[in-house]
Amino acid sequence: MSVKMPLELRHLVTLVDADHAAQVASLAAQAAPFFGLDAEFAWAAGWLHDLGKLAVPPEILMAPRALSLQEQLIVRAHPVEGEMIVLRCWPEVPSVVLDAVRGHHERVGGGGYPDGLQVIPPLTALVAAADVYAALRVARVYRPAVSLKDARELLEGTALPTDVIQAVLHVAQVQEVVESGAA
Ligand SMILES: [Fe+2]
Ligand SMILES: [Fe+2]
């Protein structure tokens with residue numbers, strides 16, 4: 001099944017963080033076949049997952065300091081904001097893609113947001129794991145990039161399904177070896 005994402009929606013992501021979106025989309029799409037998931041759906045969900053950050057003021061997103069409670073609430077609204085933007089621009093969006101946008105900060109056992117889901121749908125979990133890994137591996141204004149070994153440990157300690165975490169680590173490792181020219 002192919003995904004026909006509207007071009008203007010696809011372009012909106014570049015106003016947020018296209019590099020991060022592309023990394024998450026790529027990891028999710030490569031790991032999707034391990035779970036019988038549609039790679040194009042995984043790519044779309046990865047690409048769109050943080051679109052709701054359009055609704056977060058840049059001075060909050062880029063703040064090199066701890067956020068106030070109010071600022072944290074604004075940031076934590078981004079999955080729901082993203083869901084609304086995607087739905088408005090792409091009414092035929094596959095529901096699993098929309099669920100992944102809304103749910104990419106959910107954690108197994110109810111520790112995530114916005115819904116505190118106990119069980120996370122497979123594509124959502126895949127995007128969530130890819131998101132954690134991709135975010136750790138690049139520098140942020142408030143911290144340097146996390147090493148491969150530390151990123152692996154941190155992702156393994158995240159409340160997401162173990163098989164999903166291992167699949168993301170596998171494809172990430174393959175990708176990094178290829179990119180470093182060692183293979
Ligand atoms: Fe996010
Ligand atoms: Fe993200």
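What covers the buried residues of α3? I opened the notebook with that one, and kept in mind throughout that this is a predicted model.

**Entry 1: the cover over α3**

I looked up the surroundings of α3 and found that the cover over its buried residues includes α2 (18-31), α6 (78-89), α7 and α8. I then checked how far the covering goes: α3 is mostly covered, with eight of its 10 residues buried. For my own list, the buried residues are F41, A42, W43, A44, A45, G46, W47 and L48.

**Entry 2: α3 against α7**

Next I took one of those covering helices, α7, and asked how it meets α3. The axes of α3 (residues 39-48) and α7 come within 9 Å and cross at roughly 30°. I noted the hand of this crossing as right-handed. On the α3 side the contact is made by F41, A44, A45 and L48, and on the α7 side by V96, V97, A100 and V101. I sorted these residues by character and got eight nonpolar, no polar and no charged. It pleased me to find F41, A44, A45 and L48 again here, as they are among the buried residues of α3.

**Entry 3: α7 against α8**

I stayed with α7 and turned to its other partner on my list. α7 (residues 95-103) and α8 (residues 122-136) pack at about 45°, and their axes are 8 Å apart. The two helices are therefore oblique to each other. Their crossing is right-handed. From α7 the contact uses V96, D99, A100 and G103, and from α8 it uses L123, T124 and V127. What is the make-up of the residues in the contact of α7 with α8? I wrote down four nonpolar, two polar and one charged. V96 and A100 deserve a star in the margin: they serve in the contact with α8, and they also serve in the contact with α3.

**Entry 4: V3, ahead of α1**

I then went to the N-terminal end, where V3 sits in the segment before α1 (7-12). Is V3 buried, exposed or partly exposed? It has 18 other C-beta atoms within 10 Å, so I filed V3 as partly exposed. Which residues does V3 touch, leaving aside its neighbours within four places in sequence? I found E40, F41 and A44, which brought me back to α3, residues 39-48. I also looked up the pair V3 and A39: they are 36 residues apart in sequence, and their C-alpha atoms are 9.8 Å apart in space.

**Entry 5: α9 and α10**

At the other end of the chain I looked at α9 (residues 148-156) and α10 (residues 162-180), whose axes come within 10 Å and cross at roughly 165°. These two are therefore roughly antiparallel to each other. Here too I noted a right-handed crossing. The contact is made by L148, R152, L155 and E156 of α9 with I165, L169 and E176 of α10. Its residues divide into four nonpolar, no polar and three charged.

**Entry 6: stepping back to the whole chain**

I counted elements last: the protein chain has 10 helices and zero strands. Its radius of gyration is 16 Å, close to the 16 Å that the globule rule gives for 183 residues, so the chain is as compact as a globular protein of that length. Along its principal axes the C-alpha trace spans about 40 × 40 × 35 Å. Buried residues make up 36% of the 183 residues. Finally, among contacts with a separation of 6 or more, 62% join residues 24 or more positions apart.

Note on methods
Residues numbered from 1 in each chain as written. Chains lettered and ligands numbered in written order. Predicted model: local features only at pLDDT ≥ 70, side-chain atom pairs only at ≥ 80, totals over all residues. Axes fitted to C-alpha atoms, helices over the stretch in contact; angles between N-to-C directions. Helix = DSSP H or I, 4+ residues; strand = E, 2+ residues; numbered from the N terminus. Parallel < 35°, antiparallel > 145°, perpendicular 65-115°, else oblique. Left-handed = near helix turned anticlockwise from the far one by under 90°. Contact = placed C-beta atoms within 7 Å. Nonpolar A, V, L, I, M, F, W, Y, C, P; charged D, E, K, R; others polar. Rg over C-alpha atoms; globule rule 2.2 N^0.38 Å. Buried ≥ 20, exposed ≤ 12 C-beta atoms within 10 Å, placed from the backbone.
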